[in-house]
Amino acid sequence: METLDEEVEEYSWRDVVLPALIPVVQEPVELERESRQRRRGRDILVAVDHGPNSQHALHWALAHLCRLADTLHFVHVVHSVQDEVVYEVSKQRMDELAVEALQIAMVRSQGRIVEGEAGKMICREAERLKPAALVMGTRGRGRIQSVLQGSVSEYCFRHCKAAPVIIVPGKEAGDRSVI
């Protein structure tokens, strides 16, 4: 039996420097006694876009999953990272989300804008970071409609090695989030 070597193809990405208004706080001395893992916290990957469903998923993660020492890693997939207009709009969105994450759950944030097909790039970022969880929203379409039109959350659920947490908005919630 032969093993297949997967071709590692290069992909384009740009890290996002999130707002300078978020203070950098040194860790208290009491944390020196704690284990390194607890002090470091967990990495949580959140797939974001400009829609209400990703906003709902982020609010769910902030309310139910995040702890003080955790780091949120935002990933936004676009068609071209070289397009300055797309980059600036995506960066502005991540800035807003980083401030919101700090205000609500007091967690650190990092951002990355990746070029390519959304499902594959989210799974690739999850493979790179090895997060405790991958949080993403979905439109809540039916199974047949997802298969016919394609679904990023469905792709990630089937192919991602990290633990995907897919947040489906409830009928009563509409476009509102949990917070």
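**Close-up views of a predicted model**

Met106 has a relative accessibility of 56% and therefore counts as exposed, in a model that is predicted.

**View 1. Met106, in the loop between α3 and β4 (108-115), has a positive phi.** The residue shown here lies in the loop that joins α3 to β4 (108-115), and its phi is positive, about 55°, although Met106 is not a glycine. Most residues other than glycine have a negative phi.

**View 2. Lys130, in the loop between α4 (118-129) and β5, also has a positive phi.** Phi of Lys130 is near 50°, again a positive value in a residue other than glycine, and this residue is found in the loop between α4 (118-129) and β5. Because its relative accessibility is 60%, above the 50% cut-off, Lys130 counts as exposed.

**View 3. Helix α2 (residues 52-64) has the span expected for its length.** With 13 residues at 1.5 Å a residue, helix α2 should span 18 Å, and its end C-alpha atoms are indeed 18 Å apart, so the expected and computed values agree. Buried residues of α2 are Ser54, Gln55, His56, Ala57, Leu58, His59, Ala61 and Leu62. The elements that cover these buried residues include the strands β2 (43-47), β3 (71-78), β5 (133-137) and β6 (164-167), together with the helix α3 (84-105).

**View 4. The largest nonpolar core has 24 residues.** Within this core, the residues with the most contacts are Val46, Leu62, Leu72 and Phe74. At least two residues of the core are supplied by each of β2, α2, β3 and α3, and the largest share, six residues, comes from α3. A second core, separate from this one, has 15 residues, among them Val75, Val114, Cys123 and Leu134.

**View 5. Strand β5 is mostly covered, with five of its five residues buried.** Both faces of β5 are covered, since Ala133, Val135 and Gly137 are buried on one side, while Leu134 and Met136 are buried on the other.

**View 6. Strand β5 pairs with both β2 and β6.** The strands β2 and β5 run parallel and are joined by three bridges, and the bridge partner that Ile44 finds in β5 is Ala133. The pairing of β5 with β6 is also in the parallel sense, over four bridges, and here the bridge partner of Leu134 in β6 is Pro164.

Methods:
Residues are numbered from 1 along each chain as its sequence is written. This is a predicted model: local features need pLDDT of at least 70, side-chain atom pairs count only at pLDDT 80 or more; totals for chains, interfaces and linings use all residues. Side-chain values use heavy atoms; hydrogens and water are left out. The expected span of a helix is 1.5 Å times one less than its number of residues. Buried means under 20% relative accessible area, exposed over 50%, partly exposed in between (1.4 Å probe, protein chains only). Contact means heavy atoms within 4.5 Å. A nonpolar core is a set of buried Ala, Val, Leu, Ile, Met, Phe, Trp, Tyr and Cys residues joined through side-chain atoms within 4.5 Å. Two strands pair if DSSP finds at least two bridges between them.
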